[in-house]
Amino acid sequence: MQHVTVVTGAAGALGSEVARLLLERGHHVIALDRPGPLLGALERPGACRALPADLLVEESIGAAVRDGEQALGAATGAVLCAGGYAGGHPAGEPSSAGELARMVDLNLITAERCLRSLLPGMIARGNGSIVVVGSRAVRRPWESSGAAAYAASKSAVVVYAEAIAAEVRDQGVRVNSVLPSIIDTKANRAAMPGADPLRWVSPESLARVIAFLLSDDARDVSGASLAVDGRA
């Protein structure tokens, strides 16, 4: 069976590495993100369709997925990398106003819209594997002091994924989450110049864990939230 995997946030540090690894392993990839040269660079005729989509709008996601499926085949998997960190302030400070809404949009609503777009087709075909990218903040929220909105939004998407996993398990669809500590990206190195990035999780390592969860080797794993801590 040809694996066709949707990757959201595909132009980002993690998403692009996931797309690269899956292509290397023979997947076809439908890469979704905001339009731009980083997304366009992922295009591979016959193997990867790089498509712009507003990941907060279900209709936009659905149109992009249909375009990708027409070119590459029906989606058998998805990796929801879209999301991130938009800064944090103590909840009692005026500057924290609106942070929760922004974080929920980035980390929960994008995933919810994607799941709503992808699940009907996977359920109808009786086959699918979806991986949601959470955070270690889900397990250790006290480490997010000053960034409670981020921890709450990542916790929400992981709980949402666990509940969906229970809904669709008997219909042949698996849903799992990864909970990485700090990912070694250029942005994180710039934001934390005094830290030791060798203790962090590399995008390559995390992508391999994600690829395992997508694979048939993990066919009996669903509803799991897998810690990927590196040495942090």
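In this predicted model, the lining of the largest pocket is a mixture of residue classes: 24 are nonpolar, 13 are polar and 8 are charged. Together these make up a lining of 45 residues. Those that lie nearest the centre of the pocket are Gly-83, Gly-84, Tyr-85, Tyr-150 and Asn-188. The volume of this pocket comes to about 1500 Å³. Several helices take part in the lining, with two or more residues each from α1 (13–24), α2 (37–40), α4, α5 (148–168) and α6 (186–191). A helpful general idea is that rolling a probe the size of a water molecule over the atoms reveals where empty space remains.

The strands can be followed next. Seven of them form an open sheet with parallel pairing, and reading across the sheet gives the order β3-β2-β1-β4-β5-β6-β7. At the edges stand β3 (48–52) and β7 (225–228); each has a single partner strand, so one side of each is left without a neighbour in the sheet. On average, neighbouring strands of the sheet are turned by 15° against each other, direction ignored.

One pairing can be looked at in detail. Strand β1 (residues 4–8) and strand β2 (residues 28–33) run parallel and are joined by 5 bridges. Within this pair, Thr-8 has Leu-32 of β2 as its bridge partner.

Helices also pack on the sheet. Helix α4 (residues 99–125) touches β1, β4 (77–80), β5 (128–133) and β6 (173–180), and its direction makes about 175° with that of β4. Helix α7 (residues 203–214) packs on the sheet too, touching β1, β4, β5, β6 and β7, with its direction at about 160° to that of β6.

Key. Residues numbered from 1 in each chain as written. Predicted model: local features only at pLDDT ≥ 70, side-chain atom pairs only at ≥ 80, totals over all residues. Heavy atoms only, no water. Pairing = 2+ DSSP bridges. Helix = DSSP H or I, 4+ residues; strand = E, 2+ residues; numbered from the N terminus. Axes fitted to C-alpha atoms, helices over the stretch in contact; angles between N-to-C directions. Contact = heavy atoms within 4.5 Å. 1 Å grid on protein atoms, 1.4 Å probe; cavity = no way out; pocket = protein on both sides within 12 Å on 5 of 7 lines; lining within 4 Å. Points joined across faces, edges and corners; volume = space filled by probe spheres on them. Nonpolar A, V, L, I, M, F, W, Y, C, P; charged D, E, K, R; others polar.
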